[in-house]
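Please examine the structure shown below, beginning with its overall form and then turning to its sheets, helices and individual residues. The paragraphs that follow lead through these levels in order.

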Amino acid sequence: MKYLDEFNDPQLARRLLDEIRATATRPWALMEVCGGQTHSIIRHGIDQLLPQEVELIHGPGCPVCVTPLECIDKALEIAARPDVIFCSFGDMLRVPGTDRDLFRVKGEGGDVRVVYSPLDALHLAVRHPQKQVVFFAIGFETTAPANAMAVHQAKRLGLANFSLLVSHVRVPPAIEAIMTAPGCRVQGFLAAGHVCSVMGMAEYPELAERYRVPVVVTGFEPLDILEGIRRTVRQLENGEHRVENAYPRAVREGGNPAAVRMIEEVFEVTDRSWRGIGRIPGSGWRLSEAYRAYDAEHRFDVTGIRTEEPAECRAGEVLQGLIKPTDCAAFGTTCTPRTPLGATMVSSEGACAAYYLYRRMSPPAPACEEMNPVG
């Protein structure tokens with residue numbers, strides 16, 4: 001296959017679905033780690049096409065969704081300062097803080113700008129030496145190399161007016177936290193292919209062995225996801241728990257060595273809080289000592305902010321795979337994309353946003369073999 005539309009082929013999808021039905025003989029609960037995979041699953045109705053034995057649980061793989069509330073409030077405080085140009089990707093602007101969001105700050109006069117790369121923010125710092133330019137550096141392992149490169153270049157250029165507000169998180173510790181959480185039902189993982197394209201797969205065999213769960217590295221198109229499910233179910237039926245690469249067109253065993261070297265130079269592993277989930281040891285990155293001068297959190301002294309989530313928002317349970325978005329009483333009523341209670345309703349990778357966008361306003365109906373797959 002050479003083109004993305006080939007990964008939407010209905011005939012191949014039917015064949016994979018038939019194989020999954022023929023393989024699954026008992027109930028299995030699989031978690032897709034990435035929010036991009038969640039959106040593809042809901043958009044194409046993949047969860048409704050699967051046999052009743054196979055349940056998909058949505059994981060915490062939305063970096064916007066898991067950015068902690070206190071970090072959002074720090075961003076809002078920094079962005080409101082008159083000497084700051086605050087730069088972010090667009091999907092962060094509607095994420096609610098305690099009492100407002102970045103759009104509100106912009107409307108109140110803050111210089112908040114949407115950029116498409118951290119290097120765009122770096123160029124703004126060069127052009128506006130009288131301003132402090134801050135880039136909101138969030139994400140999983142996929143965005144870390146570009147953010148690391150931006151601050152690396154800032155140091156090389158001697159830019160004193162550029163900094164990062166960092167809220168990077170790492171996938172493997174999150175998988176461990178999920179597996180050790182009370183009430184965990186996950187029996188296999190569809191790992192995020194874009195994360196593994198950067199970091200490789202070296203951290204996953206130990207997790208698969210320790211918790212006896214298959215981990216299948218999976219892409220984002222419908223056939224990618226169905227193939228990942230097929231491989232995971234096959235392992236479970238055979239009593240296996242290995243790491244498999246079902247996304248070889250993008251993922252190599254060792255990942256991207258140059259990107260990993262850049263991350264290791266600029267960042268160091270730290271504990272990190274995940275919105276709605278809590279603190280997970282070793283689950284994040286922060287700027288290393290050599291680059292600490294470019295840490296906006298310390299530059300603007302916003303380290304003491306404490307927050308509390310809205311009581312009616314159950315996004316944390318959604319992110320942990322404990323409930324579906326439709327199990328939350330606020331979903332689609334008091335919580336909508338225009339009036340979000342949590343980030344999962346406004347992020348482009350949020351599970352609640354996927355359910356709302358594709359009109360999953362009630363619990364899913366039983367799988368129907370007569371539905372047209374994917375097409």
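Two strands are said to pair if DSSP finds at least two bridges between them. The model under discussion is predicted, and in it 5 strands form an open sheet with parallel pairing, in the order β2-β1-β7-β8-β9. At the edges of this sheet stand β2 (54-61) and β9 (243-245), each of which pairs on one side only. Neighbouring strands of the sheet are turned by 25° against each other on average, direction ignored. One pairing may be followed in detail: β1 (residues 28-34) runs parallel to β2, and 6 bridges join the two. Within this pairing, L30 has L56 in β2 as its bridge partner.

The protein as a whole may now be considered. Its secondary structure comes to 16 helices and 11 strands. The C-alpha trace spans about 65 × 45 × 40 Å along its principal axes. How does the radius of gyration of the protein agree with that of a compact globule? For 375 residues, a compact globule would have a radius of gyration near 21 Å, and the protein has 21 Å, so the two agree. Of these 375 residues, 56% count as buried. Among the contacts with a separation of 6 or more, 78% are accounted for by residues 24 or more positions apart.

A further open sheet has 6 strands in the order β4-β3-β5-β6-β11-β10, and its pairing is mixed. Its edge strands, β4 (111-114) and β10 (267-274), each pair on one side only. From one strand to the next, the twist averages 25°. In general, strands of a sheet pair through backbone hydrogen bonds, either parallel or antiparallel. Strand β6 illustrates the mixed pairing. With β5, β6 pairs in the parallel sense over 7 bridges, and A137 stands opposite V166 in β6. With β11 (residues 278-287), by contrast, β6 (residues 162-169) runs antiparallel, joined by 2 bridges; here H168 stands opposite W285 in β11.

Which residues of β6 are buried on each of its faces? In a regular strand the side chains alternate between the two faces of the sheet. On one side of β6 lie F162, L164, V166 and H168, and on the other S163, L165, S167 and V169; all are buried, and both faces are thus covered. The strand is accordingly described as mostly covered, with 8 of its 8 residues buried.

Helices lie across this sheet as well. Helix α5 (residues 69-79) lies across β3 (84-88), β4, β5 (132-139), β6 and β10, and runs at about 165° to β6. Helix α13 (residues 257-266) lies across β10 and β11, running at about 80° to β10. Helix α9 (residues 171-180) is largely enclosed by the rest of the structure, because 7 of its 10 residues are buried. The buried residues of α9 are V171, P172, P173, A174, I175, I178 and M179.

The cysteines offer another view of the interior. How many disulfides does a search of the whole structure find? The search finds 1 disulfide. It is formed by C62 and C65, whose sulfur atoms are 2.3 Å apart. The torsion about the S-S bond of C62 and C65 is about 70°, so the disulfide is right-handed. Both C62 and C65 are buried. C71, on the other hand, is in no disulfide; the nearest cysteine sulfur, that of C62, is 14 Å away. C71 nevertheless counts as buried, because its relative accessibility is 6%. C335 is likewise in no disulfide, the nearest cysteine sulfur being that of C313, 6.0 Å away. With a relative accessible area of 8%, C335 is buried.

The final residue to consider is K324, which has its place in the loop between α15 (315-319) and α16 (351-357). Is K324 buried or exposed? Buried means under 20% relative accessible area. At 17% relative accessibility, K324 therefore counts as buried. Its side chain is joined to that of E55 by a polar contact of 3.3 Å. Leaving aside neighbours within four places in sequence, K324 is in contact with E55, L56, H58, V318 and Y355. Of these, L56 has already appeared as the bridge partner of L30 in the parallel pairing of β1 and β2.

Key:
Residues numbered from 1 in each chain as written. Heavy atoms only, no water. Helix = DSSP H or I, 4+ residues; strand = E, 2+ residues; numbered from the N terminus. Axes fitted to C-alpha atoms, helices over the stretch in contact; angles between N-to-C directions. Contact = heavy atoms within 4.5 Å. Buried < 20%, exposed > 50% of the residue type's maximum accessible area, 1.4 Å probe, protein only. Polar contact = N/O pair within 3.5 Å; in protein donor to acceptor, adjacent residues only side chain to side chain. Disulfide = S-S within 2.5 Å. Rg over C-alpha atoms; globule rule 2.2 N^0.38 Å.
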